[in-house]
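Trainee: I would like to go through this model with you, one point at a time. Shall we put it on screen?

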Amino acid sequence: MKLFNVYSIENIEIDRGKGMYVFDKNGEKYLDFYGGHAVISIGHTNSYYVYSIKKQLNKISYYSNSIIINQQHKLASLLGEISGYKNYFLFICNSGTESNENALKIASIYTGKRKIIFFKGSFHGRTSGSASITDNYKITSSFDIQHNTIKINYKDIDILEKYLKNGDICAIITEGIQGISGIIDPGYSFFSSVNKLCKKYNTLLILDEVQSGYGRTGKFFSHQYYPVTPDLITIAKGMGNGYPIGGVLINPKFKSYNGMLGSTFGGNYLSCVSGVSVLKIIKKENLIENAKIMGNLLFKKLCLIPNIKRIRGKGLMLGLEFNFHVKQLKSILIHKEKVFVGLSNNPYVLRLLPPLIIKEKHIELFSKKLKNALSYIDKLK
Ligand SMILES: Cc1ncc(COP(=O)(O)O)c(C=O)c1O
(Lines give C-alpha, C1' and ligand atoms only; values in the text may rest on other atoms or scores of the structure.)
Protein backbone atom coordinates (compact mmCIF):
# COMPACT_ATOMS: atom_id res chain seq x y z
CA MET A 1 0.00 0.00 0.00
CA LYS A 2 1.18 3.54 -0.75
CA LEU A 3 0.37 6.70 1.19
CA PHE A 4 -2.45 8.97 0.03
CA ASN A 5 -0.36 11.86 -1.15
CA VAL A 6 -1.66 15.12 0.36
CA TYR A 7 1.42 16.91 1.70
CA SER A 8 4.15 18.87 -0.01
CA ILE A 9 7.24 17.19 1.37
CA GLU A 10 10.89 18.24 1.78
CA ASN A 11 13.36 15.54 0.82
CA ILE A 12 14.63 15.19 4.41
CA GLU A 13 14.14 12.32 6.81
CA ILE A 14 14.36 13.49 10.41
CA ASP A 15 15.66 10.78 12.66
CA ARG A 16 15.91 12.44 16.09
CA GLY A 17 15.70 15.75 17.92
CA LYS A 18 17.30 17.39 20.95
CA GLY A 19 16.31 20.77 22.36
CA MET A 20 16.36 23.37 19.57
CA TYR A 21 17.75 20.95 16.98
CA VAL A 22 16.67 18.05 14.80
CA PHE A 23 19.01 15.60 13.02
CA ASP A 24 18.40 13.79 9.75
CA LYS A 25 19.21 10.17 9.10
CA ASN A 26 22.70 11.14 7.84
CA GLY A 27 23.41 12.94 11.11
CA GLU A 28 23.02 16.44 9.60
CA LYS A 29 21.98 18.97 12.27
CA TYR A 30 19.17 21.49 11.68
CA LEU A 31 18.21 24.49 13.82
CA ASP A 32 14.47 24.29 14.44
CA PHE A 33 12.80 27.70 14.04
CA TYR A 34 9.51 26.08 13.00
CA GLY A 35 8.84 23.84 16.03
CA GLY A 36 7.26 21.26 13.73
CA HIS A 37 4.57 23.88 12.96
CA ALA A 38 4.28 25.46 16.44
CA VAL A 39 3.95 22.06 18.10
CA ILE A 40 7.28 21.80 19.89
CA SER A 41 6.87 24.01 22.94
CA ILE A 42 9.40 22.58 25.43
CA GLY A 43 12.02 21.51 22.87
CA HIS A 44 12.70 18.09 21.39
CA THR A 45 13.04 15.04 23.66
CA ASN A 46 13.09 16.92 26.97
CA SER A 47 14.33 14.31 29.45
CA TYR A 48 11.52 14.79 32.01
CA TYR A 49 8.89 14.61 29.25
CA VAL A 50 10.40 11.40 27.86
CA TYR A 51 10.73 9.90 31.32
CA SER A 52 7.08 10.68 32.22
CA ILE A 53 5.67 9.13 29.05
CA LYS A 54 7.92 6.03 29.34
CA LYS A 55 6.90 5.58 32.97
CA GLN A 56 3.21 5.76 32.07
CA LEU A 57 3.67 3.44 29.11
CA ASN A 58 5.11 0.82 31.43
CA LYS A 59 2.04 1.06 33.67
CA ILE A 60 -0.89 1.27 31.25
CA SER A 61 -1.32 3.05 27.93
CA TYR A 62 -5.07 3.07 27.46
CA TYR A 63 -8.41 2.50 29.03
CA SER A 64 -11.72 4.06 28.04
CA ASN A 65 -13.38 7.19 29.44
CA SER A 66 -15.71 4.96 31.47
CA ILE A 67 -13.33 4.89 34.46
CA ILE A 68 -11.49 7.50 36.56
CA ILE A 69 -8.36 8.74 34.79
CA ASN A 70 -6.62 10.82 37.40
CA GLN A 71 -4.12 12.23 34.87
CA GLN A 72 -7.03 14.13 33.24
CA HIS A 73 -7.79 15.88 36.53
CA LYS A 74 -4.11 16.71 37.04
CA LEU A 75 -3.94 18.22 33.57
CA ALA A 76 -7.10 20.31 34.08
CA SER A 77 -5.95 21.58 37.44
CA LEU A 78 -2.46 22.58 36.26
CA LEU A 79 -3.85 24.13 33.06
CA GLY A 80 -6.36 26.16 35.08
CA GLU A 81 -3.58 27.43 37.33
CA ILE A 82 -1.07 28.33 34.58
CA SER A 83 -3.53 29.70 32.02
CA GLY A 84 -5.37 31.97 34.47
CA TYR A 85 -8.71 30.26 33.69
CA LYS A 86 -9.02 28.36 36.98
CA ASN A 87 -12.84 28.36 37.03
CA TYR A 88 -13.25 27.12 33.43
CA PHE A 89 -13.83 23.44 32.64
CA LEU A 90 -11.68 21.35 30.30
CA PHE A 91 -12.84 18.93 27.62
CA ILE A 92 -9.93 16.89 26.26
CA CYS A 93 -9.74 15.73 22.64
CA ASN A 94 -6.96 14.89 20.17
CA SER A 95 -6.30 17.75 17.76
CA GLY A 96 -6.91 21.39 16.91
CA THR A 97 -9.71 20.85 14.45
CA GLU A 98 -11.48 18.58 16.91
CA SER A 99 -11.22 21.19 19.65
CA ASN A 100 -12.89 23.72 17.33
CA GLU A 101 -15.62 21.23 16.33
CA ASN A 102 -16.42 20.68 19.99
CA ALA A 103 -16.41 24.41 20.77
CA LEU A 104 -18.85 25.02 17.89
CA LYS A 105 -21.06 22.21 19.14
CA ILE A 106 -21.10 23.51 22.72
CA ALA A 107 -21.96 27.00 21.44
CA SER A 108 -24.76 25.69 19.25
CA ILE A 109 -26.23 23.49 21.99
CA TYR A 110 -26.16 26.43 24.43
CA THR A 111 -27.72 29.02 22.12
CA GLY A 112 -29.91 26.75 20.01
CA LYS A 113 -28.50 28.70 17.02
CA ARG A 114 -26.22 27.67 14.16
CA LYS A 115 -24.85 30.77 12.39
CA ILE A 116 -21.12 31.35 12.96
CA ILE A 117 -19.13 34.48 12.12
CA PHE A 118 -15.48 33.96 11.17
CA PHE A 119 -12.76 36.18 9.73
CA LYS A 120 -10.89 36.67 6.49
CA GLY A 121 -7.58 34.77 6.52
CA SER A 122 -8.72 32.32 9.20
CA PHE A 123 -7.63 28.73 9.62
CA HIS A 124 -9.50 26.54 12.09
CA GLY A 125 -8.93 23.04 10.74
CA ARG A 126 -9.94 20.53 8.10
CA THR A 127 -12.88 18.59 9.48
CA SER A 128 -16.22 19.81 8.20
CA GLY A 129 -17.27 22.38 10.83
CA SER A 130 -13.77 23.80 11.19
CA ALA A 131 -13.25 23.86 7.42
CA SER A 132 -16.52 25.79 7.01
CA ILE A 133 -15.07 28.62 9.11
CA THR A 134 -11.66 28.48 7.42
CA ASP A 135 -10.97 31.06 4.72
CA ASN A 136 -9.42 28.77 2.13
CA TYR A 137 -11.56 27.38 -0.69
CA LYS A 138 -8.76 24.92 -1.56
CA ILE A 139 -9.35 22.87 1.57
CA THR A 140 -13.14 22.94 1.64
CA SER A 141 -15.52 20.56 -0.11
CA SER A 142 -19.15 21.27 -1.01
CA PHE A 143 -20.08 19.11 1.98
CA ASP A 144 -18.21 21.54 4.26
CA ILE A 145 -19.73 24.73 2.89
CA GLN A 146 -23.29 23.68 3.68
CA HIS A 147 -22.75 25.05 7.21
CA ASN A 148 -24.27 28.39 8.08
CA THR A 149 -21.30 30.75 8.23
CA ILE A 150 -20.47 34.39 7.50
CA LYS A 151 -16.99 35.71 6.72
CA ILE A 152 -16.06 39.30 7.53
CA ASN A 153 -12.93 41.46 7.82
CA TYR A 154 -11.39 42.29 11.18
CA LYS A 155 -11.74 45.99 10.46
CA ASP A 156 -15.47 45.77 9.63
CA ILE A 157 -16.77 46.12 13.18
CA ASP A 158 -19.88 47.99 11.90
CA ILE A 159 -20.78 45.09 9.63
CA LEU A 160 -20.20 42.71 12.54
CA GLU A 161 -22.62 44.71 14.69
CA LYS A 162 -25.24 44.70 11.91
CA TYR A 163 -25.17 40.89 11.86
CA LEU A 164 -25.29 40.66 15.66
CA LYS A 165 -28.36 42.95 15.73
CA ASN A 166 -30.32 40.27 13.82
CA GLY A 167 -30.13 38.10 16.94
CA ASP A 168 -29.47 34.85 15.07
CA ILE A 169 -25.69 34.55 15.52
CA CYS A 170 -24.57 31.55 17.55
CA ALA A 171 -20.91 32.56 17.97
CA ILE A 172 -17.99 34.54 16.65
CA ILE A 173 -14.72 32.65 16.23
CA THR A 174 -11.26 34.11 15.76
CA GLU A 175 -7.67 33.01 16.18
CA GLY A 176 -5.75 34.83 18.93
CA ILE A 177 -3.20 35.68 16.26
CA GLN A 178 -3.78 34.30 12.77
CA GLY A 179 -0.97 31.93 11.82
CA ILE A 180 -1.44 30.56 8.36
CA SER A 181 -2.54 33.88 6.85
CA GLY A 182 0.94 35.25 7.61
CA ILE A 183 0.81 36.24 11.32
CA ILE A 184 -2.02 38.73 11.65
CA ASP A 185 -2.81 40.04 15.12
CA PRO A 186 -6.44 41.29 15.20
CA GLY A 187 -5.23 43.86 17.77
CA TYR A 188 -6.48 45.82 20.77
CA SER A 189 -9.27 47.74 19.11
CA PHE A 190 -10.77 44.60 17.50
CA PHE A 191 -10.73 42.54 20.68
CA SER A 192 -12.10 45.28 22.92
CA SER A 193 -14.94 46.02 20.41
CA VAL A 194 -15.78 42.35 19.95
CA ASN A 195 -15.79 41.80 23.70
CA LYS A 196 -18.27 44.66 24.16
CA LEU A 197 -20.45 43.60 21.21
CA CYS A 198 -20.64 39.97 22.37
CA LYS A 199 -21.84 41.14 25.77
CA LYS A 200 -24.29 43.67 24.27
CA TYR A 201 -25.90 41.19 21.87
CA ASN A 202 -25.48 38.11 24.07
CA THR A 203 -23.30 36.31 21.49
CA LEU A 204 -20.63 33.75 22.30
CA LEU A 205 -16.96 34.32 21.56
CA ILE A 206 -14.70 31.38 20.68
CA LEU A 207 -10.94 32.02 20.76
CA ASP A 208 -8.87 29.59 18.71
CA GLU A 209 -5.51 29.53 20.51
CA VAL A 210 -4.40 26.30 18.83
CA GLN A 211 -1.32 27.99 17.34
CA SER A 212 -1.04 31.22 19.34
CA GLY A 213 -1.58 29.67 22.79
CA TYR A 214 0.53 27.77 25.28
CA GLY A 215 2.96 30.59 26.02
CA ARG A 216 4.12 31.08 22.44
CA THR A 217 3.43 34.84 22.36
CA GLY A 218 4.80 35.65 25.83
CA LYS A 219 1.46 35.21 27.62
CA PHE A 220 -0.25 31.88 28.09
CA PHE A 221 -2.88 32.93 25.53
CA SER A 222 -2.26 35.68 23.00
CA HIS A 223 -5.72 37.19 23.69
CA GLN A 224 -4.53 37.91 27.25
CA TYR A 225 -2.75 40.97 25.86
CA TYR A 226 -6.22 42.45 25.31
CA PRO A 227 -9.39 43.22 27.31
CA VAL A 228 -11.36 40.18 26.17
CA THR A 229 -12.94 37.22 27.94
CA PRO A 230 -13.81 34.36 25.59
CA ASP A 231 -16.59 31.90 26.39
CA LEU A 232 -14.67 29.03 24.84
CA ILE A 233 -10.94 28.69 24.16
CA THR A 234 -9.52 25.98 21.92
CA ILE A 235 -6.04 24.52 22.29
CA ALA A 236 -3.81 21.81 20.77
CA LYS A 237 -0.36 22.12 19.13
CA GLY A 238 2.04 23.07 22.00
CA MET A 239 -0.07 21.18 24.53
CA GLY A 240 1.57 17.76 24.12
CA ASN A 241 4.89 18.77 22.50
CA GLY A 242 4.11 16.35 19.67
CA TYR A 243 1.93 13.88 21.52
CA PRO A 244 -1.55 14.37 19.94
CA ILE A 245 -3.85 16.21 22.32
CA GLY A 246 -6.32 19.07 22.08
CA GLY A 247 -8.85 20.66 24.35
CA VAL A 248 -11.58 23.21 24.95
CA LEU A 249 -11.60 25.54 27.95
CA ILE A 250 -15.25 26.06 28.80
CA ASN A 251 -16.81 28.92 30.76
CA PRO A 252 -18.71 27.61 33.84
CA LYS A 253 -22.00 28.99 32.48
CA PHE A 254 -22.14 26.01 30.09
CA LYS A 255 -23.65 22.97 31.75
CA SER A 256 -22.49 19.52 30.72
CA TYR A 257 -24.65 16.43 30.50
CA ASN A 258 -23.95 12.80 29.92
CA GLY A 259 -23.06 12.09 26.29
CA MET A 260 -22.96 15.76 25.26
CA LEU A 261 -19.37 15.35 23.94
CA GLY A 262 -17.03 12.40 23.80
CA SER A 263 -13.96 10.82 22.28
CA THR A 264 -12.40 7.35 22.32
CA PHE A 265 -8.82 8.61 22.52
CA GLY A 266 -9.42 12.03 24.08
CA GLY A 267 -7.93 12.23 27.57
CA ASN A 268 -5.97 8.98 27.34
CA TYR A 269 -3.21 8.33 29.88
CA LEU A 270 -0.31 9.05 27.56
CA SER A 271 -1.64 12.29 26.13
CA CYS A 272 -2.53 13.59 29.60
CA VAL A 273 0.87 12.66 31.00
CA SER A 274 2.53 14.43 28.08
CA GLY A 275 0.26 17.45 28.72
CA VAL A 276 1.06 17.53 32.43
CA SER A 277 4.80 17.24 31.85
CA VAL A 278 4.69 20.05 29.24
CA LEU A 279 2.94 22.36 31.74
CA LYS A 280 5.33 21.42 34.55
CA ILE A 281 8.31 22.21 32.34
CA ILE A 282 6.74 25.48 31.12
CA LYS A 283 6.29 26.48 34.76
CA LYS A 284 9.63 25.26 36.12
CA GLU A 285 11.71 26.71 33.30
CA ASN A 286 9.72 29.98 33.09
CA LEU A 287 9.15 29.40 29.40
CA ILE A 288 6.36 31.95 28.96
CA GLU A 289 8.63 34.71 30.25
CA ASN A 290 11.43 33.31 28.09
CA ALA A 291 9.17 33.47 25.00
CA LYS A 292 8.55 37.14 25.73
CA ILE A 293 12.18 38.09 26.37
CA MET A 294 13.66 36.02 23.56
CA GLY A 295 10.85 37.09 21.22
CA ASN A 296 11.73 40.74 21.82
CA LEU A 297 15.40 40.01 21.27
CA LEU A 298 14.67 38.13 18.06
CA PHE A 299 12.47 40.99 16.88
CA LYS A 300 15.24 43.53 17.54
CA LYS A 301 17.88 41.40 15.79
CA LEU A 302 15.65 40.94 12.76
CA CYS A 303 14.96 44.69 12.57
CA LEU A 304 18.65 45.10 11.71
CA ILE A 305 18.27 43.05 8.52
CA PRO A 306 17.35 45.57 5.79
CA ASN A 307 15.85 42.97 3.40
CA ILE A 308 12.99 42.40 5.84
CA LYS A 309 10.17 44.77 4.95
CA ARG A 310 8.00 44.20 8.01
CA ILE A 311 7.88 41.99 11.10
CA ARG A 312 4.53 40.97 12.57
CA GLY A 313 3.43 39.04 15.63
CA LYS A 314 4.35 38.65 19.26
CA GLY A 315 6.89 36.65 21.24
CA LEU A 316 7.92 33.54 19.33
CA MET A 317 5.15 33.76 16.73
CA LEU A 318 6.65 36.04 14.11
CA GLY A 319 5.98 36.70 10.44
CA LEU A 320 8.78 38.20 8.36
CA GLU A 321 7.55 40.01 5.29
CA PHE A 322 9.87 40.43 2.30
CA ASN A 323 9.31 42.17 -1.02
CA PHE A 324 9.81 38.90 -2.92
CA HIS A 325 8.24 35.44 -2.77
CA VAL A 326 9.90 33.53 0.07
CA LYS A 327 9.59 29.95 -1.18
CA GLN A 328 13.16 29.93 -2.48
CA LEU A 329 14.46 31.59 0.69
CA LYS A 330 12.81 28.88 2.78
CA SER A 331 14.35 26.21 0.61
CA ILE A 332 17.83 27.76 0.92
CA LEU A 333 17.40 28.08 4.68
CA ILE A 334 16.51 24.42 4.99
CA HIS A 335 18.84 22.79 2.50
CA LYS A 336 21.86 25.10 2.59
CA GLU A 337 21.78 26.77 6.00
CA LYS A 338 20.09 23.85 7.77
CA VAL A 339 17.34 25.84 9.47
CA PHE A 340 13.66 24.91 9.55
CA VAL A 341 11.24 27.82 9.09
CA GLY A 342 7.63 27.94 7.88
CA LEU A 343 5.77 29.42 4.94
CA SER A 344 2.28 30.93 5.11
CA ASN A 345 -0.61 31.60 2.74
CA ASN A 346 0.98 34.98 2.06
CA PRO A 347 3.78 34.21 -0.44
CA TYR A 348 5.85 37.13 0.93
CA VAL A 349 5.82 35.98 4.56
CA LEU A 350 8.10 33.51 6.37
CA ARG A 351 6.81 32.18 9.67
CA LEU A 352 9.02 31.68 12.72
CA LEU A 353 7.65 29.41 15.45
CA PRO A 354 10.68 28.18 17.43
CA PRO A 355 10.43 26.14 20.66
CA LEU A 356 9.95 28.24 23.80
CA ILE A 357 13.31 27.07 25.23
CA ILE A 358 15.19 29.23 22.73
CA LYS A 359 18.29 31.09 23.98
CA GLU A 360 20.24 34.11 22.77
CA LYS A 361 22.84 31.90 21.04
CA HIS A 362 20.11 30.37 18.83
CA ILE A 363 18.89 33.83 17.86
CA GLU A 364 22.46 34.85 16.92
CA LEU A 365 22.85 31.69 14.89
CA PHE A 366 19.51 32.13 13.14
CA SER A 367 20.23 35.74 12.30
CA LYS A 368 23.59 34.74 10.78
CA LYS A 369 22.01 31.94 8.75
CA LEU A 370 19.20 34.16 7.51
CA LYS A 371 21.74 36.79 6.38
CA ASN A 372 23.75 34.08 4.59
CA ALA A 373 20.63 32.83 2.82
CA LEU A 374 19.66 36.37 1.78
CA SER A 375 23.09 37.14 0.37
CA TYR A 376 23.01 33.81 -1.48
CA ILE A 377 19.72 34.88 -3.09
CA ASP A 378 21.24 38.26 -4.02
CA LYS A 379 24.09 36.47 -5.81
CA LEU A 380 21.60 34.36 -7.77
CA LYS A 381 19.86 37.49 -9.11
C1 LIG B 1 -5.23 28.27 14.49
C2 LIG B 1 -5.39 26.81 14.16
N3 LIG B 1 -6.54 26.20 14.46
C4 LIG B 1 -6.74 24.91 14.19
C5 LIG B 1 -5.77 24.15 13.59
C6 LIG B 1 -6.02 22.70 13.27
O7 LIG B 1 -5.26 21.90 14.11
P8 LIG B 1 -5.04 20.35 13.76
O9 LIG B 1 -4.17 20.29 12.55
O10 LIG B 1 -4.39 19.80 15.00
O11 LIG B 1 -6.37 19.76 13.52
C12 LIG B 1 -4.55 24.75 13.25
C13 LIG B 1 -3.49 23.97 12.57
O14 LIG B 1 -2.57 24.48 11.99
C15 LIG B 1 -4.36 26.11 13.54
O16 LIG B 1 -3.22 26.75 13.21
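What follows is a set of questions and answers on the ligand shell, some helices, the strands and one loop residue.

Trainee: What kind of model is this, and how are residues numbered?
Mentor: Numbering starts from 1 along each chain as its sequence is written. Local features need pLDDT of at least 70, side-chain atom pairs count only at pLDDT 80 or more, totals for chains, interfaces and linings use all residues, and the model is predicted.

Trainee: How many residues surround the ligand, and which are the closest?
Mentor: A residue counts as near the ligand if its C-beta atom, placed from the backbone, lies within 6 Å of it. By that cut-off the shell has 14 residues. The closest are Ser95, Gly96, Thr97, Val210 and Gln211.

Trainee: How does the shell divide into nonpolar, polar and charged?
Mentor: Ala, Val, Leu, Ile, Met, Phe, Trp, Tyr, Cys and Pro count as nonpolar; Asp, Glu, Lys and Arg as charged; the others, Gly among them, as polar. On that scheme the shell holds four nonpolar, two charged and eight polar residues.

Trainee: Which helix gives the largest share of the shell?
Mentor: Helices are DSSP runs (H or I, at least four residues), as strands are (E, at least two), numbered from the N terminus. The largest share is three residues, and they come from the helix at 96–111, α4.

Trainee: What span should α4 have, and what is the distance between its end C-alpha atoms?
Mentor: The expected span is 1.5 Å times one less than the number of residues. With 16 residues, α4 should span 22 Å. Its end C-alpha atoms agree with that, at 23 Å.

Trainee: Which residue follows α4, and what is its phi?
Mentor: The residue after α4 is Gly112. Its phi is positive, near 75 degrees.

Trainee: Which residues of α3 are buried, and how wide is their arc?
Mentor: Buried means 20 or more other C-beta atoms within 10 Å of a residue's own; exposed means 12 or fewer; partly exposed is in between; C-beta atoms are placed from the backbone. In α3, the buried residues are Gln71, Gln72, Leu75, Ala76, Leu79 and Ser83. They lie on the same side of α3, because their arc (of the directions from the helix axis to the C-beta atoms) is only 140 degrees.

Trainee: Which exposed residues sit on the face of α3 turned away from its buried side?
Mentor: The buried side is covered by elements including β4 (89–93) and α8 (269–284). The face turned away from it carries Asn70 and Glu81.

Trainee: Why do the buried residues of α11 line one face?
Mentor: These buried residues are His362, Ile363, Phe366, Leu370 and Ala373. Seen down the axis of α11, they fall within a limited arc, so they line one face. That arc is 95 degrees.

Trainee: What covers the buried residues of α11?
Mentor: The face turned away from the buried side has exposed residues, among them Glu360 and Lys379. The cover of the buried residues includes β3, α9 (287–303), α10 (327–335) and β13.

Trainee: Which strands stand at the edges of the open sheet of four strands?
Mentor: Strands pair if DSSP finds at least two bridges between them. The order is β1-β2-β3-β13, with mixed pairing. Each edge strand has a single partner, so one side is left without a neighbour in the sheet: these are β1 (14–18) and β13 (339–340).

Trainee: In β3, what is the bridge partner of Tyr21?
Mentor: β2 (21–24) and β3 (29–32) pair in the antiparallel sense over three bridges. The partner of Tyr21 is Leu31.

Trainee: Which glycine in the hairpin of β11 and β12 takes a positive phi?
Mentor: β11 (310–314) and β12 (317–321) are antiparallel, with five bridges. Arg310 stands opposite Glu321. Two residues lie between the strands, and the one with phi near 55 degrees is Gly315.

Trainee: Which residue of β14 stands opposite Gly319?
Mentor: β12 also runs antiparallel to β14 (349–352), joined by four bridges. Four of the five residues of β12 are buried. Opposite Gly319 is Arg351.

Trainee: Is Leu261 buried or partly exposed, and which residues does it touch?
Mentor: Leu261 lies in the loop between β10 (246–250) and α8. With 17 other C-beta atoms within 10 Å, Leu261 is partly exposed. Contact needs C-beta atoms, placed from the backbone, within 7 Å. Not counting residues up to four places away in sequence, Leu261 touches Phe91, Asn102 and Lys105.

How values were computed
Two residues are in contact if their C-beta atoms, placed from the backbone, lie within 7 Å.
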